[in-house]
Amino acid sequence: MRLPAFCRLPTREDILSKRPLGRFTHYLARPVLWHPHRHNVARAAAIGTFIGSLPFFGHVLSILLISLWRRAYIPVSVVMPFVVTGPLTIVPFFFASYELGFWLLNQLGLAPAITIHYVDIHAMVHGQISVMAMGDRLWHAYLLTWLGSLILGGGLALILYFGVLGGWRLWILWRLRRRRLHRNPS
């Protein structure tokens with residue numbers, strides 16, 4: 001059964017034939033970037049998870065550049081940010097990042113005196129406080145979220161890197177065992 005066109009990942013040839021890439025296509029033409037191997041898939045999962053967990057725009061471009069530099073499997077690295085911070089997980093993830101950043105700075109005695117709370121967001125949404133009046137609070141919340149995202153994203157990337165390596169190893173061992181059982185049924 002073949003997937004519909006919007007569900008399929010583009011092939012290497014599709015991407016290399018795109019006109020906007022122009023002179024950069026020779027960087028993407030390396031075979032190691034398009035063939036899944038244990039180490040480059042693990043690298044790609046870690047890169048995509050870490051960069052996808054950071055609160056900024058331009059994930060795909062930065063992931064693509066880092067994947068080229070670290071020779072990671074491009075399809076996995078580009079898909080991972082949408083897995084980590086997808087529509088269902090983005091709010092809990094960044095809330096946890098904010099809380100972790102605030103807790104960490106609070107433990108060090110460096111937490112900002114100006115924080116943002118649910119009441120402030122409610123007042124801003126309903127027009128009682130302008131975004132400009134919330135400027136310092138939003139900036140501090142953004143910095144706290146960055147700090148928490150660096151820690152959570154780094155931890156998730158490490159877990160995923162070693163998880164992919166271990167899972168790949170277990171899959172290979174399972175396949176070898178199954179092959180031995182099929183060869184020697186007795």
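Is I172 buried, exposed or partly exposed? With a relative accessible area of 35%, I172 is partly exposed, because that value lies between the limit of 20%, under which a residue counts as buried, and the limit of 50%, over which a residue counts as exposed. The model described here is a predicted one, and its protein chain holds 8 helices and 0 strands. Of the 186 residues in this chain, 28% count as buried, and the points below go through several helices in turn, with attention to which residues are covered and which reach the surface.

**Overall layout**

- When the protein chain is read along its sequence, the order of elements is α-α-α-α-α-α-α-α, in keeping with a count of 8 helices and 0 strands.

**Helix α3 and its cover**

- Helix α3 covers residues 38–52, and of its 15 residues 11 are buried, so this helix is largely enclosed by the rest of the structure.
- The buried residues of α3 are N40, V41, A42, A44, A45, A46, I47, G48, T49, I51 and G52.
- The 15 residues of α3 should span 21 Å at 1.5 Å a residue, and the C-alpha atoms at its two ends are indeed 21 Å apart, so the expected and the computed lengths agree.
- A44 belongs to helix α3, and A44 counts as buried because its relative accessible area is 0%.
- Although A44 and V78 are 34 residues apart along the chain, their C-alpha atoms are separated by 8.2 Å.

**Helix α4 and the loop that follows**

- Helix α4 runs over residues 59–70 and has 12 residues, which at 1.5 Å a residue should span 16 Å, and this agrees with the 16 Å between its end C-alpha atoms.
- Within α4, the residues H59, S62, I63, S67 and L68 are buried.
- L64 also has its place in helix α4, but with a relative accessibility of 23% L64 counts as partly exposed, because the limit for a buried residue is under 20%.
- The C-alpha atoms of L64 and L28 are separated by 9.5 Å, while the two residues are 36 residues apart along the chain.
- R71 comes just after α4 and is found in the loop between α4 and α5, the latter being residues 74–84.
- The phi angle of R71 is near 55 degrees, which is a positive value in a residue other than glycine.
- Most residues other than glycine have a negative phi.
- R71 is partly exposed, since its relative accessible area is 47%, and the limit above which a residue would count as exposed is 50%.

**Helix α6 and a contact far along the chain**

- G101 is found in helix α6, which covers residues 90–108, and with a relative accessibility of 0% G101 counts as buried.
- The C-alpha atoms of G101 and T145 are separated by 6.1 Å, even though these two residues are 44 residues apart along the chain.

**Surface patches and helix α8**

- Helix α8 covers residues 135–183 and includes R179, and I172 likewise has its place in helix α8.
- A nonpolar patch on the surface is formed by L170, W171, I172, L173, W174 and L176, and these residues together have about 600 Å² of accessible area.
- A positive surface patch is made up of R175, R178, R179 and R183.
- R179, one of the residues of this positive patch, counts as partly exposed because its relative accessibility is 43%.
- To return to the opening question, I172 takes part in the nonpolar patch with a relative accessible area of 35%, and is therefore partly exposed.

How values were computed. Residues numbered from 1 in each chain as written. Predicted model: local features only at pLDDT ≥ 70, side-chain atom pairs only at ≥ 80, totals over all residues. Heavy atoms only, no water. Patch = residues over 30% accessible without salt bridge, like charges linked within 9 Å, V, L, I, M, F, W, Y side chains within 5 Å. Areas by Shrake-Rupley, 256 points an atom, 1.4 Å probe, with all protein chains shown as cover. Salt bridge = Lys/Arg side-chain N within 4 Å of Asp/Glu carboxyl O. Lys, Arg positive; Asp, Glu negative; His and termini not counted. Charge placed at Lys NZ, Arg CZ, Asp CG, Glu CD. Helix = DSSP H or I, 4+ residues; strand = E, 2+ residues; numbered from the N terminus. Buried < 20%, exposed > 50% of the residue type's maximum accessible area, 1.4 Å probe, protein only. Expected span 1.5 Å × (residues − 1).
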